[in-house]
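Here is a short briefing on charged and aromatic side chains, written to be read next to the structure. Please keep the viewer open as you go through the points.

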Amino acid sequence: MKFVRRTHIRKLVNNIVSNINNTESLLPIPVEKIINEYGIILKKQPTDDNLSGFLLTDVVNKTVVIGVNSNQHPLRQRFSMAHELGHFLLHENEGIHFDYKNKILLRDETSSKGTDIREKEANLFAAELLMPNKLLEKDLMIIHSIDFLEAKEENLDKLAEKYEVSTQAMTFRLTYLGYLSYQW
């Protein structure tokens, strides 16, 4: 696999989101509920600050566990949960996978550089799930525009708060979708 499967990921997420009843009133997207609906065990435990989360797939006992570092900010935990769910749905038979800030255990050196396709896909999945494009489009029509140069950052902060993601994650997402651009 050489390219991030953007279309596949968006279709997968759209299917998941469409199965949530009354999506707009359920914002933020209920990532823990979705994880539970897949029969995945979710464990939140304090651990080393460098560890964000992990995915453990036990094919013998037919169990899957997503672990999240409860020492990290709740918004980071939500992203980690969605990211690990992405690995589960997109990358079969991984067995065990740990996401560290500076490295990925049991992966090669390209993982820590952000060039690993599986990591890019899991990140895109998490962003698509937590900040679905269709819902963002509706919210942005209400806000009209977000312009950092005119100090309208409060709109961005409110949007991030509504979706329960960090302002940084929302900024990356809106930039990726072409709603924000940086003018130097």
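Arg 118 and Asp 116 form a salt bridge, with 3.0 Å between the closest N and O atoms. The model is a predicted one, and the count of salt bridges in it comes to eight.

**Salt bridges**
- Asp 116 is buried, at a relative accessible area of 5%, whereas Arg 118 is partly exposed at 30%.
- Arg 10, Glu 128 and Arg 173 are joined into one network by salt bridges that share partners.
- Lys 44 pairs with Glu 32, and their closest N and O atoms are 2.8 Å apart. Because Lys 44 sits in strand E1 and Glu 32 in helix H2, this salt bridge ties together parts that are 12 residues apart in sequence.
- Lys 33 and Glu 37 form a salt bridge too, with the closest N and O atoms 4.0 Å apart. These two are four residues apart in helix H2, so about one helical turn separates them.
- Glu 37 is exposed at 57% relative accessibility, while Lys 33 is partly exposed at 46%.

**Aromatic pair**
- The whole structure holds one aromatic pair: Tyr 38 and Phe 88 meet edge-to-face, 6.2 Å centre to centre and with 70° between the planes.
- Tyr 38 is in the loop between helix H2 and strand E1, and Phe 88 is in helix H3, so the pair links parts that are 50 residues apart in sequence.
- Tyr 38 is partly exposed at 36%, and Phe 88 is partly exposed at 23%.

**Surface charge**
- Glu 153, Glu 154, Asp 157 and Glu 161 make up a negative surface patch.
- Asp 157 belongs to helix H7 (residues 153-163) and is partly exposed, at 37% relative accessibility.

How values were computed. Residues are numbered from 1 along each chain as its sequence is written. This is a predicted model: local features need pLDDT of at least 70, side-chain atom pairs count only at pLDDT 80 or more; totals for chains, interfaces and linings use all residues. Side-chain values use heavy atoms; hydrogens and water are left out. Rings of Phe, Tyr and Trp (its six-membered ring) pair if their centres lie within 6.5 Å; planes under 30 degrees apart count as stacked, over 60 as edge-to-face and the rest as tilted. Buried means under 20% relative accessible area, exposed over 50%, partly exposed in between (1.4 Å probe, protein chains only). Patches are made of residues with over 30% relative accessible area and no salt bridge: like charges are joined within 9 Å, nonpolar side chains (Val, Leu, Ile, Met, Phe, Trp, Tyr) within 5 Å. Accessible areas come from the Shrake-Rupley method with a 1.4 Å probe; for residues, only the protein chains shown count as cover. A salt bridge is a side-chain nitrogen of Lys or Arg within 4 Å of a carboxyl oxygen of Asp or Glu. Lys and Arg count as positive and Asp and Glu as negative; His and the chain ends are not counted. The place of a charge is taken as NZ of Lys, CZ of Arg, CG of Asp or CD of Glu.
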